[in-house]
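The following exercises concern the interfaces of a structural model. Please work through each task before reading its solution.

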Amino acid sequence: MDEFAKTSRRAFLRGSAAVAAGTVAGQAAAQGAPDPAITELQDWASYLGVGVDETPYGLPIKFETDVVRRNVAWLTASPISSINFTPIHALEGTITPQGCAFERHHSGAIELSKDDYRLMINGLVDRPLVFTYADLERLPRENHVYFCECAANTGMEWAGAQLNGAQFTHGMIHNMEYTGVPLRTLLAEAGLDAAGDLTDKWVYVEGADASSNGRSIPMEKALDDVLVAFKANGEALRMEHGYPVRLVVPGWEGNMWIKWLRRIEITDAAVESREETSKYTDLHEDGVARKWTWVMDAKSVITSPSPQMPITHGPGPLVVSGLAWSGHGKITRVDVSIDGGVTWETARLGKQGDAKALTRFYYDMDWDGSEMLMQARAMDDTGYVQPTKDQLREMRGENSVYHNNCIQTWFVNEEGVAENVEVS
Amino acid sequence: MSKSLNLFLPAIGGTALMLGGAYGFTSRDYAEQKIESLEIQVEQSTSTAADAVANSRAAEAEIERLAAERDELQVIAAAGGGLTQPAPVAETVYGLGREALPEEIAAWDVDVLPDGRGLPVGSGDVWTGEELFVEQCAACHGDFAEGSGNWPVLAGGFGTLSDEDPVKTIGSYWPYLSTSWDYINRSMPFGNAGTLSADETYAIVAYILYSNDLIDDDFVLSDENFMDVELPNADGFVLDDRADTEYTVWRTEPCMTDCKDGVEITMHASVVDVTPETEGDAQASMTEHAAGTDAAAEGAEGAIDPALIEAGQGAFRQCSSCHEVGENASNRTGPELNGLLGRTIGSVDGFRYSNVMRDAGEAGDTWTAEALEAFLTDPRGTMSGTKMAFRGVRNPEDIAAIIAYIQSVGTE
């Protein structure tokens, strides 16, 4: 407990007293008496550490116990059909470790072994086929880094600032390096002559879990960059991400990335499954809903400082760190404002953006200790500029649930504590 | 491989950016090809599918972008850029996988399309549907499909779609009736999916239509009259039009200075105060993750094997869609299971048991380990007429584990 309280950044949120104490402790060591952390012999410098036979598969060290997925209990009736959030506030770079990458299940995560795994391709194909897991491993594979964002990410923020933390406002996203077989390779195995003209054909994909989540994907996308993936970040997919095989649909909403993929059917019409009618359609103010809104538009968020990542070091050099992404292609530019959108400066990209993958950006500043209204604004290589929440509301109203890619505002006070706010 | 498949192969998207070393064909040609095929597609986009694709991807703008990229590609290729080479496009098939048998396709290919294709022969009436619904669905969706607590509402909500708080139900929002048949048949009841017969599904869908005031109580829904039922919101949807309504507006050079007159905070998240207090939870979940059995062991009184309890906690997932156990457990589709061993059969207050279970209790029978084992292995075979719509625990080892788990958390 003590260890946890000491290391938890959230502990600083408890009040300004804690923030002040943290600052003072840092300064005392720098100014006055010699630092005992240096002058006294420490246990770890004297006694032995842990052997190589202790941890066949490692977890993060105990000081990092707050960097975990979290859920919001009131969102859903049951944690089995629910979602949790990636701790994006506490991660750096762009790759999301599998163990803290958000989960969304409709009937819980299932244990499906490679031995029990079957993948069927049927419908308008020349040869309906069944593949085993071993079959998939014999087809040429590719590696790609892509983000997977739930269409409902930031969905709780439509009517106003609601959840206090980048993890909760923007954490329905992860970014991994996938290894898999292009879907078009598998479709070619089954043969598409039977489908005739492909321009109006669909590929219906379905999972093996109890929800049998199914989505219709237009043939053009299916033959473009969709992957049937079995590895993420170099290792097997985790159970909660669809072990042993999931679909990767780059740039498109996470619900289409079918987990525990068991069936691929070529059809001449969209199935109009529950997940593409009742859900994942965007209801507008006039009572009419948009459907087939598959692409995730450009979006960004400052991950630190943010409500779970207050500034604890006082005025001086400050690293503002954030993420940007676009389902249309590459992030070409991110601007940052610290005055609520009156003036903007262009941030530095951690590395040139990859298409349909997270891009890290930095804004290196000298904080004078005054209040800030921090915002980030992403642009992608189609020239699209991330809109404000008011711009989105003007187009769509407040009830569309999905596809909220608005500019986010964090209010940072003089003590460095950050809060989720909306501004005029 | 078909010609039309080849037409699509160089389609727009990520592949262009992965060319890296430009093996096999030059990047320049590749980009050129992509632009050509895109233009063809834009022209050809006559079907709805193609329309939606063209719209959602703003294909026209993509053409411009690709043209610029074509020139950049050589540079990227030269720099390496950490990009990978695409998998080879096979001229012939690899011949992997085996033919799917008709029985296998029939078992898995059960989806139903908006035009009714995929519906099996069968029928069901409103009153049979009501009985089934009250037994198998009402605990979560309410007796009249009106929803309960946070669970989905299936009926009502007419005329609310443009309100501040729209109620989206099968009656008020869903465009196609096929979707409800398809979804209920495949995915409900939650935790016991795939167990409804075709006739049962027709009956339940009929009852939901009745709850939505869309049919009279003497209606019998079948594969033959299915397409006659139209849902009120069938025309309530438009295809993704962001390319026209939004992208054109938001593709501008953004403002950098003096972008607005002043800024005021109009809303604070802390006022709503709905963010979960997570510090403790997070630690608990991490510790549990690392130590495994700690939480279960704590709850266990006496000498029940912690490993068995842990296994039982996992196996109880088969039951948890219908039963609660532990502190604050209440009746759901099935009764709460606290203090089960030694409890009189069919005795939980306020739960409507089947006759067979109530009778067993009135005769003074109690739940012993043996009785539970028999019942859980084959519920309907052991207690003919039970309302427990569950096929039985398949793995015999799970039963002892489940009982151990129930005892560990549910001692009253």
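Two exercises on this predicted model follow, each with a worked solution.

**Exercise 1.** Describe the interface of chain B and chain A by its contacts, buried area and polar interactions.

*Solution.*
Step 1. Begin with the contacts: 136 residues of chain A are in contact with 115 residues of chain B.
Step 2. Turn to the area: about 10800 Å² is buried between the two chains, and carbon and sulfur atoms give 58% of this.
Step 3. Count the salt bridges between chain B and chain A, which number nine. One pair in a salt bridge is A:D268 and B:R117, whose closest N and O atoms are 2.9 Å apart; this counts as a salt bridge because the cut-off is 4 Å.
Step 4. Classify the side of chain B that touches chain A: 57 residues are nonpolar, 31 polar and 27 charged.
Step 5. Examine the strands: β5 of chain A (residues 129–132) pairs with β1 of chain B (residues 98–99) in the antiparallel sense, over two bridges. Here A:V130 stands opposite B:R98.

**Exercise 2.** Characterise the contact between domain 1 and domain 2 of chain A.

*Solution.*
Step 1. Set the bounds: domain 1 of chain A spans 67–287 and domain 2 spans 299–421.
Step 2. Determine the buried area, about 3500 Å², of which 54% comes from carbon and sulfur atoms. Within the area that domain 1 buries against domain 2, A:H89, A:W158 and A:H170 supply 23%, more than any other three residues.
Step 3. Count the salt bridges between the domains, which number three. A:K299 and A:E149 meet in a salt bridge at 2.9 Å, N to O.

Definitions and conventions
Residues numbered from 1 in each chain as written. Chains lettered and ligands numbered in written order. Predicted model: local features only at pLDDT ≥ 70, side-chain atom pairs only at ≥ 80, totals over all residues. Heavy atoms only, no water. Contact = heavy atoms within 4.5 Å. Buried area = accessible area lost by both parts, 1.4 Å probe. Salt bridge = Lys/Arg side-chain N within 4 Å of Asp/Glu carboxyl O. Nonpolar A, V, L, I, M, F, W, Y, C, P; charged D, E, K, R; others polar. Pairing = 2+ DSSP bridges. Helix = DSSP H or I, 4+ residues; strand = E, 2+ residues; numbered from the N terminus. Domains from an automatic or database assignment.
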